[in-house]
Amino acid sequence: MEVKDANFALLCKYEVFQLLTDQKEQPGKNKHSSGQQNLNTITYETLKYISKTPCRHQSPEIVREFLTAWKSHKLTKAEKFQLVNHRPPTAVEIQLMVEESEEQLTEEQVEALLLTVTSILPAGPEAQEKKAHSNEVAVEEEDPA
């Protein structure tokens with residue numbers, strides 16, 4: 001095996017999803033050799049997994065906006081990508097993703113990060129369904145008629 005290009009970059013799940021979707025849609029690339037069949041299986045399973053995450057609903061603008069909003073803070077690229085990929089809904093999850101978060105972030109910064117995550121990054125469909133269901137339950141509890 002030979003390394004042809006030593007340059008590399010981190011990719012978020014959205015970028016992987018877009019790359020695999022684009023490759024899947026290219027005509028003439030689906031040959032029936034055993035190596036290609038293995039690649040097709042990996043591509044299918046990866047797309048199936050990522051399509052169940054909130055990353056499917058992201059766009060380059062959303063990712064760029066989130067990364068720009070937190071550019072001045074001392075988070076590593078890996079930590080920022082974890083936040084983009086997982087879209088943590090609670091402060092506890094943010095603290096688990098940021099190494100030494102107690103020393104790097106104050107409580108106010110964690111709350112601001114949580115607000116940024118929930119306002120910029122789109123929620124997955126299951127989170128929206130849960131929210132809609134909880135709103136329905138709340139309305140039913142208020143109106144016993």
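Helices (H or I, at least four residues) and strands (E, at least two) are DSSP runs, numbered from the N terminus. Keep that in mind for these exercises, which use a predicted model: local features need pLDDT of at least 70, side-chain atom pairs count only at pLDDT 80 or more, and totals for chains, interfaces and linings use all residues. Residues are numbered from 1 along each chain as its sequence is written, and side-chain values use heavy atoms, with hydrogens and water left out.

**Exercise 1. Find out where Ala123 sits, and whether it is buried or exposed.**

Step 1: look at the helices on either side. Ala123 is in the loop between α7 and α8 (125-142).

Step 2: check the cut-offs. Buried means under 20% relative accessible area, exposed over 50%, and partly exposed in between (1.4 Å probe, protein chains only).

Step 3: apply them. Ala123 has a relative accessible area of 18%, so it is buried.

Step 4: pick a partner from elsewhere in the chain. Arg87 is 36 residues from Ala123 along the chain, and their C-alpha atoms are separated by 7.6 Å.

**Exercise 2. Work out what the backbone of Arg87 does, and where.**

Step 1: place the residue. Arg87 follows α4 and belongs to the loop between α4 and α5.

Step 2: recall the background. Most residues other than glycine have a negative phi, and most peptide bonds are trans.

Step 3: read the angle. Arg87 is not a glycine, yet its phi is positive, about 45 degrees.

Step 4: sort it by accessibility. Arg87 counts as buried because its relative accessibility is 14%.

**Exercise 3. Describe the overall fold of the protein.**

Step 1: count the elements. You should get 8 helices and 0 strands.

Step 2: write the order down. Along the sequence the pattern reads α-α-α-α-α-α-α-α.

Step 3: see how much is covered. The protein has 145 residues, and 30% of them count as buried.

Step 4: look at the contacts (heavy atoms within 4.5 Å). Among those between residues at least 6 apart in sequence, 65% join residues at least 24 apart.

**Exercise 4. Which residues of helix α4 are buried, and what do they pack against?**

Step 1: list them. In α4 (residues 77-86), the buried residues are Glu79, Lys80, Phe81, Leu83, Val84 and Asn85.

Step 2: find their partners. These buried residues pack against α1 (13-25), α3 (60-69), α5 (91-97), α6 and α7 (107-120).

**Exercise 5. Which residues does Trp70 contact, leaving aside its neighbours within four places in sequence?**

Step 1: locate it. Trp70 is in the loop between α3 and α4.

Step 2: check its cover. With a relative accessible area of 3%, Trp70 is buried.

Step 3: list the contacts. Trp70 is in contact with Leu75, Lys80, Gln109, Ala112, Leu113 and Thr116.

Step 4: take one of these partners further. Thr116 is 46 residues from Trp70 along the chain, with 8.8 Å between their C-alpha atoms.

**Exercise 6. Do the same for Leu47, leaving out residues up to four places away in sequence.**

Step 1: Leu47 lies in helix α2 (residues 34-50).

Step 2: its relative accessible area is 11%, so Leu47 is buried.

Step 3: the residues that Leu47 touches are Phe17, Leu20, Thr21 and Lys24.

Step 4: now try Lys13. Leu47 and Lys13 are 34 residues apart in sequence, and 9.9 Å apart in space from C-alpha to C-alpha.

**Exercise 7. Place Glu100 and Glu103, and say how accessible each one is.**

Step 1: start with Glu100. You'll find Glu100 in the loop between α5 and α6, with a positive phi of about 50 degrees although it is not a glycine.

Step 2: classify Glu100. Its relative accessibility is 47%, so Glu100 counts as partly exposed.

Step 3: go on to Glu103. This residue is in helix α6 (residues 101-104), and Glu103 is exposed because its relative accessible area is 67%.
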